[in-house]
Amino acid sequence: MNLTDVVGQFLLFFFLMLLMWIGVTYVSLNIQYSSARQFFDDVVEQIENHYFSSEILDECRQRAEENGYQLAIETFGEEGNMDARVVLNLVYVYPVVQVSRCYTIEGYAR
């Protein structure tokens, strides 16, 4: 085996590892985002079903904290015609490089 073959094998191994890391990162991020999106949809549905009850809002914030999310709920309007702005922040840490990034899901409950 000569030096060119060794370098070629090393480069192949390096690019395969890089491709594998990108794939694992993509799948992991997609799973975490899907879970956060489902949680967000459940929170909005619960708020709407219980008509902006303060107990439900506190319970949703507590559940979000337990799941590692940051949840902000801002209600506005008057009794009988209320709306709520719901913001869910998700912090994702990329594997291996340990770089974190914050993703935000925002919507309204009516």
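Which residues are linked with Arg85 in a network of salt bridges? Glu74 and Glu106 are the partners in that network. Keep in mind that this is a predicted model; the close-ups below start with this network and then move through the rest of the chain.

**Close-up A. Glu74, Arg85 and Glu106 are joined in a salt-bridge network.** Start with Arg85 and Glu106, whose side chains meet with an N to O distance of 2.8 Å. That pair ties together distant parts of the chain, with Glu106 sitting in strand E3 and Arg85 in strand E2, 21 residues apart. Now look at Glu74, which also makes a salt bridge with Arg85, this time with the closest N and O atoms 3.9 Å apart. Here the link runs between strand E1, home of Glu74, and strand E2, home of Arg85, and the two residues are eleven apart. As for cover, Arg85 is partly exposed at 29% relative accessibility. Glu74 is partly exposed too, with a relative accessible area of 44%, and Glu106 comes in as partly exposed at 42%.

**Close-up B. Arg61 and Asp58 form a salt bridge within helix H2.** The closest N and O atoms of this pair are 3.3 Å apart. Arg61 and Asp58 are three residues apart in the helix, so about one helical turn separates them. Arg61 is partly exposed at 31% relative accessible area, and Asp58 is partly exposed at 48%. For the tally, the whole model has four salt bridges.

**Close-up C. Tyr51 and Phe52 make an edge-to-face aromatic pair.** The structure holds four aromatic pairs. In this one, the ring centres are 5.2 Å apart and the planes make an angle of 75 degrees. The two rings don't get the same label for cover, because Tyr51 is partly exposed at 35% relative accessibility, while Phe52 is buried at 7%.

**Close-up D. Tyr92 and Tyr94 also meet edge-to-face.** Their ring centres are 5.1 Å apart, and the planes sit at 85 degrees; pairs count as edge-to-face when that angle is over 60 degrees, so this one qualifies. Tyr92 is buried, with just 1% relative accessibility. Tyr94 is buried as well, at 18% relative accessible area, because the cut-off for buried is under 20%.

**Close-up E. The largest nonpolar core has 21 residues.** Which of them touch the most other members? They are Val43, Ile47, Tyr69, Leu71, Ile73, Val86 and Leu88. At least two core residues come from each of helix H1, helix H2 (54-66), strand E1 (70-78), strand E2 (81-93) and strand E3 (100-109). H1 is the top contributor, giving six residues.

**Close-up F. Tyr69, a core residue, and its contacts.** Setting aside neighbours within four places in sequence, Tyr69 is in contact with Gln32, Ser35, Ala36 and Phe39. Its other contacts under that rule are Ala64, Leu88, Asn89 and Leu90. Leu88 shows up again here, having already been named among the core residues that touch the most other members.

**Close-up G. A nonpolar patch lies on the surface.** Its members are Met1, Leu3, Val6, Val7, Phe10, Leu11, Phe14, Phe15, Leu18 and Ile22. Together they have about 1100 Å² of accessible area. Phe15, one of the patch residues, belongs to helix H1, which covers residues 3-49.

Methods
Residues are numbered from 1 along each chain as its sequence is written. This is a predicted model: local features need pLDDT of at least 70, side-chain atom pairs count only at pLDDT 80 or more; totals for chains, interfaces and linings use all residues. Side-chain values use heavy atoms; hydrogens and water are left out. Patches are made of residues with over 30% relative accessible area and no salt bridge: like charges are joined within 9 Å, nonpolar side chains (Val, Leu, Ile, Met, Phe, Trp, Tyr) within 5 Å. Accessible areas come from the Shrake-Rupley method with a 1.4 Å probe; for residues, only the protein chains shown count as cover. Helices (H or I, at least four residues) and strands (E, at least two) are DSSP runs, numbered from the N terminus. Rings of Phe, Tyr and Trp (its six-membered ring) pair if their centres lie within 6.5 Å; planes under 30 degrees apart count as stacked, over 60 as edge-to-face and the rest as tilted. Buried means under 20% relative accessible area, exposed over 50%, partly exposed in between (1.4 Å probe, protein chains only). A nonpolar core is a set of buried Ala, Val, Leu, Ile, Met, Phe, Trp, Tyr and Cys residues joined through side-chain atoms within 4.5 Å. Contact means heavy atoms within 4.5 Å.
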